[in-house]
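Me: Could you take a close look at the place where the two chains meet, and at the strand pairing that goes with it? I'd like one connected account, please.

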Amino acid sequence: MASTHADAEPLRIAGRELNSRLLLGTGGFPSLDLLADSIRASGSELVTVALRRIELPDAQVGASGGASTNSGSRGALVDVLDAEGVEVLPNTAGCFTARDAVITAKLAREAFQTDWIKLEVIGDEDTLLPDAPELLKAAEQLVDDGFVVLPYTTDDPVLARRLVDIGCAAVMPLGAPIGSGMGIRNPYNIALIRESVQVPVVLDAGIGTASEAALAMELGCDAVMVASAVSRAQDPVAMAAAMRSAVVAGLLARGAGRIARKTYATPSTPVAGTPDFS
Amino acid sequence: MIVLNGEQREHGAGETVAGLVESLGLPAPARGVAVAIDGEVVPRAAWETHAIPAGASVEVLTAMQGG
């Protein structure tokens with residue numbers, strides 16, 4: 001069947017094989033139960049997590065009391081991800097400088113015992129667009145330090161190539177600003193990025209619904225990352241399943257080779273043998 | 001005194017990173033937890049021996065939903 005090669009072909013990033021081409025962010029889920037169900041429905045094997053300050057027990061209480069929140073809700077995230085059998089991809093979300101991103105990546109390596117880092121260096125609070133010079137600086141330092149760096153980047157093919165030249169293991173160009181749900185605003189650039197680098201391209205940010213994830217794969221992306229599109233959907237679990245199918249559909253369509261676009265119709269039924277009722 | 005996650009805190013002389021982490025309700029192995037002191041990462045292997053100096057700025061971070 002046509003599905004055999006496209007379905008079975010695993011995604012390879014830095015020597016790791018992933019059978020699912022959907023990466024899932026854990027942010028925005030209303031509960032850990034919904035997160036767990038959505039991970040299962042998505043089929044994703046790689047999910048992102050952030051690092052944030054622990055909640056301090058009440059300063060007056062001392063060592064014995066008030067500390068339950070850390071072993072409770074937040075500690076449970078790691079347990080949920082373990083139970084689902086997924087790999088953790090820590091991110092540097094919220095970092096605005098190369099220095100902060102590098103420190104955060106090193107902390108993530110200690111926290112999760114992984115060299116993999118989704119590198120985000122943000123340059124603007126309103127758009128959350130990447131800060132290209134700081135991103136390059138951080139990527140270079142982390143690659144030198146042995147990290148497997150997956151940078152969240154703009155849809156600029158030149159910047160993507162620079163990141164790969166530095167040694168990034170993949171590039172994660174945005175389709176649109178994080179959480180905007182505006183889909184892929186510049187599909188031509190995404191296709192150009194795919195043509196201009198030799199590492200996996202993971203469409204990250206901007207996806208709002210399943211058709212946009214399929215489009216990313218049709219454009220040649222090797223994988224798609226979604227977070228808000230699933231976690232903030234009215235039914236996250238159903239959307240996770242939709243994204244799973246969309247990524248497979250887009251990959252299959254890409255392999256199948258779409259027909260060329262034309263202005264005028266071409267009949268799909270032969271003209272010869274058409275009866276004449278005059 | 002130390003500054004822990006942006007808050008002034010009392011701290012005993014000789015308190016180690018491991019001791020602090022445990023006192024925060026994060027018993028060993030405290031998976032998903034990482035510690036920086038004055039902007040430098042303290043590797044897990046050093047938690048038991050690394051004493052927190054007075055006046056240090058300490059960040060204790062953990063896994064959170066994101067991205």
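Reply: Happy to: here is the contact first, and then the strands.

This is a predicted model, in which local features need pLDDT of at least 70 and side-chain atom pairs count only at pLDDT 80 or more, while totals for chains, interfaces and linings use all residues. Residues are numbered from 1 along each chain as its sequence is written, with chains lettered from A and ligands numbered from 1 in the order in which they are written.

Chain A brings 33 residues to the contact and chain B brings 26 residues (two residues are in contact if their C-beta atoms, placed from the backbone, lie within 7 Å). On the chain A side, the elements that give two or more residues are strand 4 (46-53), helix 3 (68-84) and helix 4 (98-112). Here helices (H or I, at least four residues) and strands (E, at least two) are DSSP runs, numbered from the N terminus. Helix 4 of chain A gives the most, with seven residues. By type, that side of chain A holds 19 nonpolar, eight polar and six charged residues; Ala, Val, Leu, Ile, Met, Phe, Trp, Tyr, Cys and Pro count as nonpolar, Asp, Glu, Lys and Arg as charged, and the others, Gly among them, as polar.

Strand 4 of chain A also pairs with strand 5 (residues 57-65) of chain B, antiparallel over five bridges; two strands pair if DSSP finds at least two bridges between them. Within this pairing, Arg52(A) has Thr62(B) as its bridge partner.
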